[in-house]
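Please look through the structure shown below with the following numbered points at hand. They concern the interior of the protein and the pairing of some of its strands.

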Amino acid sequence: MSKLSRRNFITYAAGGTVALAAGQIHAHDSISFWPSGTPSGGRDPGPHDPIREAENPDIINPPITDSGTLPNLRYSFSDAHVRKGSGGWTRQVTQRELGIATTIAGVNMRLNAGGIRELHWHKEGEWAYMTFGKARVTAFDTEGGWFMDDVQIGHLWYFPPGIPHSIQGLGPDGCEFLLAFDDGNFDEDSTFLLSDWFKHIPSDILAKNFSIPVSAFAVLPSPQEEYIFAGRVPGSLASEAIQGAPKSKMIFTHHMLAQAPIKAPGGTVRITDSSNFPVSKTIAAALVKIMPGGLRELHWHPNNDEWQYYLEGEGRMGVFASSGQARTFDYRAGDVGYVPFAMGHYIENTGKTPLSFLELFKSNYYADISLNQWLAGTPRNLVTQHLELDEQFITALSLKKNPVINSQ
């Protein structure tokens, strides 16, 4: 996540309050926010939150193209409950927080240097993107093979359902990352924890299983203390290697930022799915970067809902839901966005710095359909009769997909 929304939050909040008090509230489409101006519909003289209004200009003063009652498609991790441990913290945005998000749930987690997300496994597949620092991940496969790797900013990992694993923050300042699970109803408390299982096995059964005396299990740690706990920064990968056991043939990590990007006039796109990260069978992803004034072109996805995580910058998304339904939402670093299956949409960079975000899908492959490319690939006479636009529009259509368009 960006430095603005993390390390400089206090400074930003204080500065933002001063700016608002001075009346320097950003206006959208030359219409002022309440209460400093009077937009169409009249003032809001009652209680209101000018900070929230400034963050969501297209909610307060929506484009005239918005229509209908499309549900909320935005939620901020800054509004999510934080669970703290001795080794870091975590918070989640699931279907409980964002009701429309049925396919994917997200977790934002921070591990201090040496901090350990304890050994565990899930019913769901776990996909992750590193946003800060360095971490070590371990896993163990069904063939008895072990896996260990160090990851940093821009790296991914994926652990299939049922595969046990761990995460640990490395020096000098640990790590932070996004976790995504292939079920909107995922809950961190539903994790299968090593310490929790040990607490719920009779001591005599543990003794028989591990062939040691019952007394060895007289004192066990509390699962509440183990979820994320402080630990020692590990040694090198070589020094921690498991002797006498095979290394897993499965590769659970991937360097997304090392991929050659798809370059477009207004930015870049990197796509990671099972075609270049074979283990990731249930989540496909794209990392999109839009330069100031640029646009993620009008498009839709034919394979599943889209779950988004905004990494940096500011932008707005307009979503078309058919049947005369359309709505516009504003996003900034740390926000989650959602687009239900097959709904047409665009994302525009409304800030002065690059806008970067992840598109995630509960799918083994990435797919989208460009409105421009589709119309260019349709008989001209047919398109002209539908839209009644002149030759200038027809000539401008492109058979080449440009996923990110520049400001010109």
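1. In this predicted model, W307 is a good place to begin, and its contacts, once neighbours within four places in sequence are set aside, are with V93, A101, I104, A105, G106, L178, V336, G337, Y338, L358, E359 and L360.

2. W307 also belongs to the largest nonpolar core, a set of 50 residues in which W127, W157, F177, W307, L358 and L360 touch the most other members. The element that gives the most to this core is strand 6, which covers residues 126–140 and supplies seven residues. Apart from this core there is a second, separate one of 22 residues, with A284, A321, Y366 and V404 among them. As general background, nonpolar side chains in soluble globular proteins tend to be buried together.

3. Why can strand 3, residues 88–93, be described as largely enclosed by the rest of the structure? Five of its six residues are buried, and the description therefore follows from that count, with buried meaning under 20% relative accessible area.

4. On one side of the pairing pattern, strand 2 (residues 83–85) runs antiparallel to strand 3 and is joined to strand 3 by three bridges. One of the bridge partnerships places R83 opposite T90 of strand 3, and the hairpin that joins strand 2 to strand 3 passes through two residues.

5. Strand 3 is also paired with strand 4, residues 105–111, in an antiparallel arrangement that has six bridges, and here R91 has N108 of strand 4 as its bridge partner.

Definitions and conventions:
Residues are numbered from 1 along each chain as its sequence is written. This is a predicted model: local features need pLDDT of at least 70, side-chain atom pairs count only at pLDDT 80 or more; totals for chains, interfaces and linings use all residues. Side-chain values use heavy atoms; hydrogens and water are left out. A nonpolar core is a set of buried Ala, Val, Leu, Ile, Met, Phe, Trp, Tyr and Cys residues joined through side-chain atoms within 4.5 Å. Buried means under 20% relative accessible area, exposed over 50%, partly exposed in between (1.4 Å probe, protein chains only). Helices (H or I, at least four residues) and strands (E, at least two) are DSSP runs, numbered from the N terminus. Contact means heavy atoms within 4.5 Å. Two strands pair if DSSP finds at least two bridges between them.
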